[in-house]
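Here are a few friendly notes to read alongside the model. I have kept them as short points, so you can check each one on screen.

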Amino acid sequence: MSYASEYDVIVCGGGTSGVAAAIASARAGAKTLLIERLGALGGQMNVSGPPGFSYAWLFNQRGEQIIGGIIEETHKRLLDEGHALPHDHTEYREGSGFTFSYVDPDWWGLLIFNMMDENDVDLLLHAMVVDVLKEGDKVTGVAVETVGGRLELKAKVVIDCTGEAYMAVRAGAPTDMVPREHLQPHTIAFTCDGIDWDEVLDWVRAHPEEIVHPDVPGRSPEETCKVLRRIENVWDLGEIRGFTSILKKVMDNNEWHGMSGMGFFLMPKGDPKNRRVLAHLQHASHVPGRSPYDPWDLTYSEREARRQIQIAFKAFKKYMPGFKNAYITRMCTELRIREGKRIVGDYILTRQDVADAKKFPDVIGKSGFPAGGHHVPGTDTIATDVVWPKDRGSHDIPYRCLVPQKVENLLVAGKAISTDRDAYHRFLQQTMVTGQAAGVAAALCAKQNITPRELEKDVSELQKILQEQGAILYGTH
Ligand SMILES: Cc1cc2nc3c(=O)[nH]c(=O)nc-3n(C[C@H](O)[C@H](O)[C@H](O)COP(=O)(O)OP(=O)(O)OC[C@H]3O[C@@H](n4cnc5c(N)ncnc54)[C@H](O)[C@@H]3O)c2cc1C
């Protein structure tokens, strides 16, 4: 099988941002190639994932759906096929913004391949993009190393969806990153079956004050404990974290590594009638102070995370209610990187913008995720200096955050878009929103023969197509 060597749009990296970008670009009429270093698509969603809350945060604290488009489409298709759970509007989580819309990550990965076929996206897998081709400050394509040798592929627009801005860095775009000792820790996640959920639920109902609660405005912790005491379905919990007395015992007995707290998420498996509930542990290892741009640091982190998860799994089996017969069903094949470089784009989204629920004329999507909730190594797991969008609403994501300074014909989507540290847009729903927008923008630039920066002058067509593709840009807080 042979493919073209020239494309309208080349997407580098097939994680959540990359697959959304490729689908959106092809739907907007561009001849599109998606290049991925692995044999599977999905990145941290299903290869080195899933993230515990996959998906979540599609609603703001008012309960308004603020995120649609490709993420909603994939959720609906998987729900129709029995591989997802409905958007959760449970008493426990409603009004928190932190509501779940769980999908089965393995069926998600299969669906994405179908969507590549349906939309005529060309794929190049097992191919590592190693550089960009440039003429002056214009990116003209990419260089790729494959088992068949090096390829040079041309494109009118390249989209960097590598998660860590690898291509933007190669292209010479300015980036920002906190010093490596302050980076959020890396993790290897794993999933367990064989859990006695009645036992887990009994414990939670008996000790609700030991669970970290979702932040529901106007509801006191005591009222939340009352809700937890009458909880009947494990799905209503979504995330279960805290277990403070158990953690203390494990720590006192020197049987915990101390790099994170105790807790887990849930994962749907099987059809609705024979649904199994798995526990997904993504806070069981934390490796701080290591750079995603240093292979020696990455190697150290892979070893250290594996050391920690063995300690964690033993402690879970011994101390956690319901986990006595637990066994591991899925071990992620590689480290997941929580934090890396962010590009410096034509606009830098800030913590204050999130707090102000700021609206922008070049809106390409929304987010209700609070700013500042960093992971920290230590039993607290997550720092608490968060700020929510005002009035329980959401803020806009401006198109300019996807356009790196100093380089032309390049867009960035996913984790590495232009934000300050607290407004980091690394969560699944955010990466699919920015991926979809970058895909449409790139297709438009290719069609109109303009650069992504020139598109900033008039984003009306971009916004029109995004809305036709289901994206939510207006009409919510
Ligand atoms: C431990 C952990 C827990 C998390 N928990 C949650 C959570 O609960 N909820 C949530 O919403 N989010 C969570 N996240 C965040 C979220 O999972 C990721 O930030 C998001 O999936 C990133 O998407 P992306 O497309 O930007 O990057 P990625 O998913 O990392 O995709 C990048 C893709 O690019 C490919 N690639 C990289 N370099 C190259 C190259 N040179 N050539 C070719 N291909 C390349 C990679 O193989 C990968 O497929 C978590 C992240 C981590 C690390």
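Which element gives the most to the shell around the ligand?

1. The answer is H1, with three residues. Please keep in mind that this is a predicted model. The shell around the ligand holds 37 residues, and those that come nearest are Gly13, Gly15, Gly43, Pro51 and Gly414. Two or more residues are given by each of helix H1 (16-27), strand E4 (127-135) and helix H10 (428-448).

2. On the character of that shell, 17 of its residues are polar, 14 are nonpolar and six are charged.

3. Now to the strand E1, residues 6-12, where six of the seven residues are buried, so to speak of it as mostly covered is fair. Two partner strands can be followed from here. With strand E6 (residues 149-160), E1 runs parallel and is joined by six bridges; in this pairing valine 11 stands opposite isoleucine 159. With strand E2 (residues 32-35), E1 also pairs in the parallel sense, over four bridges, and valine 9 has threonine 32 of E2 as its bridge partner.

4. The helix that leads the ligand shell returns here: E1, H1 and E2 together make a right-handed β-α-β unit. It is worth tracing this unit on screen, as H1 is also the element with three residues in the shell around the ligand.

5. H10, another contributor to the shell, deserves its own look. This helix has 21 residues and spans 30 Å from its first C-alpha to its last, close to the 30 Å expected at 1.5 Å a residue. H10 is also mostly covered, with 19 of its 21 residues buried. Just after the helix comes asparagine 449, which has a positive phi, near 55 degrees.

6. Elsewhere in the chain there is an open sheet of five strands, in the order E9-E10-E11-E8-E12, with antiparallel pairing. Strand E9 (239-242) and strand E12 (327-331) are at the edges; each has a single partner strand, so one side of each lacks a neighbour in the sheet. From one strand to the next, the twist averages 30 degrees.

7. How many bridges join the edge strand E9 to E10? There are four, and the two strands run antiparallel, with E10 covering residues 262-269. Within this pairing, isoleucine 240 has phenylalanine 264 in E10 as its bridge partner.

Terms used: Residues are numbered from 1 along each chain as its sequence is written. This is a predicted model: local features need pLDDT of at least 70, side-chain atom pairs count only at pLDDT 80 or more; totals for chains, interfaces and linings use all residues. A residue is near a molecule or strand if its C-beta atom, placed from the backbone, lies within 6 Å of it. Ala, Val, Leu, Ile, Met, Phe, Trp, Tyr, Cys and Pro count as nonpolar, Asp, Glu, Lys and Arg as charged, and the others, Gly among them, as polar. The expected span of a helix is 1.5 Å times one less than its number of residues. A residue is buried if 20 or more other C-beta atoms lie within 10 Å of its own, exposed if 12 or fewer, and partly exposed in between; C-beta atoms are placed from the backbone. Two strands pair if DSSP finds at least two bridges between them. Axes are lines fitted to C-alpha atoms, for helices over the stretch in contact, and angles run from 0 to 180 degrees between N-to-C directions. A crossover is right-handed if, with the strands pointing away from the viewer, the path from the first strand over the helix to the second runs clockwise.
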